[in-house]
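Grab a pencil and have a look at the model below. Then try the exercises before you peek at the solutions.

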Amino acid sequence: MNFSFEVAKTDPAGARRGRLSTPHGTVETPFFMPVGTQASVKALTQEALEELGAEIILANTYHLYLRPGHELVRKLGGLHRFMSWPRAILMDSGGYQVFSLSELRKITDEGVRFRSHLDGSEHLLTPEKAAEIQLGLGSDIAMVLDECIETPAPRDKAEVALKRTTEWAKRARIHFQECARRNGNLSQWQFGIVQGATFADLRRESARQLLDLDFPGYAVGGLAVGEPHETTCEMTAEVTALLPKDRPRYLMGVGRPEQLADYVGLGIDMMDCVLPTRAARHACLYTSEGRVLIKNARYAQDQRPIDPKCTCSVCGRYSRGDSRHSPQRPLLP
Ligand SMILES: [Zn+2]
């Protein structure tokens with residue numbers, strides 16, 4: 001099966017219902033992607049993910065690139081086999097982790113030079129190299145390398161990062177298309193990433209520049225990193241207003257469960273976040289009734305399911321009292 005995206009229905013206010021087809025299955029949109037850091041989603045088995053109905057997951061390029069390395073993953077039969085995940089996979093560019101995890105990072109127009117947080121070895125991540133790693137790993141969707149800056153960012157810094165992000169996107173797109181010309185149809189889609197921090201005009205400028213590069217899908221990056229939720233929504237709306245209606249839109253790194261509907265309302269089709277799995281590892285469970293801090297003494301003898309409205313096997317099997325005593329267990333049915 002090849003790639004396609006179709007919007008089946010659009011709410012007058014902007015929300016969309018659609019379908020993204022990939023060589024590894026169809027994904028109903030809008031969707032939320034669980035995040036697999038080192039080739040697996042922490043505290044969850046692949047079987048549990050399938051049972052929960054995940055049709056696509058996000059894998060981090062940075063971790064796989066450093067260990068075991070994209071060449072080895074390719075030799076072992078590619079990312080889907082390596083992760084034992086037959087459904088769709090989206091890979092980030094590795095940029096975000098390089099900016100946040102690695103030591104001694106130095107950004108130039110060429111790319112990002114950094115030291116591995118594992119062994120201190122030195123690496124240079126360029127837009128071309130990021131595309132090659134993602135192609136080598138074989139994800140269904142690949143993200144271009146962009147410059148992630150800390151927020152709140154001053155305007156001059158945001159302008160520099162925006163300019164560089166566009167230049168890098170151009171290089172990544174050209175390189176990707178050259179690979180396609182050389183190797184025939186690539187079984188991968190490459191997405192551009194709109195930057196511009198919290199400046200509406202920069203967000204619009206970034207989106208317009210990326211539209212010229214004709215990506216099959218567009219992401220909004222650099223949001224939900226500490227700014228108020230209203231600002232996240234405002235910036236997202238600026239961008240989605242300009243993006244083509246027939247292409248998927250991905251808001252990166254969001255968000256709290258109650259906020260997801262707001263983003264969908266702004267015309268977002270795809271989202272991802274480590275929040276639900278990270279919070280669960282710290283005994284904070286998101287339910288239809290709000291957050292349940294399961295270590296709280298009031299749940300010691302609580303026989304109710306974690307989420308009374310949920311039909312999953314965990315809620316069917318374990319009570320809040322059970323989960324309180326071994327908070328990791330319910331995540332591994
Ligand atoms: Zn459940």
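Here come two short exercises, each with a worked solution. A quick note first: this is a predicted model, where local features need pLDDT of at least 70, side-chain atom pairs count only at pLDDT 80 or more, and totals for chains, interfaces and linings use all residues. Residues are numbered from 1 along each chain as its sequence is written, and side-chain values use heavy atoms, with hydrogens and water left out.

**Exercise 1.** Work out which kind of aromatic pair F3 and W189 form.

*Solution.*
- Step 1: recall the rule. Rings of Phe, Tyr and Trp (its six-membered ring) pair if their centres lie within 6.5 Å; planes under 30 degrees apart count as stacked, over 60 as edge-to-face and the rest as tilted.
- Step 2: apply it. F3 and W189 sit 5.1 Å centre to centre with 15° between the planes, which is a stacked pair.
- Step 3: place the rings. F3 is in the segment before β1 and W189 is in strand β12 (residues 189–194), so this pair ties together parts 186 residues apart in sequence. Strands here are DSSP runs (E, at least two residues), numbered from the N terminus.

**Exercise 2.** Find which rings F3 and W189 cluster with, and say whether they are buried or exposed.

*Solution.*
- Step 1: W189 and F191 have ring centres 6.3 Å apart and planes at 45°, so that pair is tilted.
- Step 2: ring pairs thus link F3, W189 and F191 into a cluster.
- Step 3: F3 and W189 are buried (under 20% relative accessible area; exposed is over 50%, partly exposed in between, with a 1.4 Å probe and protein chains only). F191 is buried too.

Notes
Helices (H or I, at least four residues) and strands (E, at least two) are DSSP runs, numbered from the N terminus.
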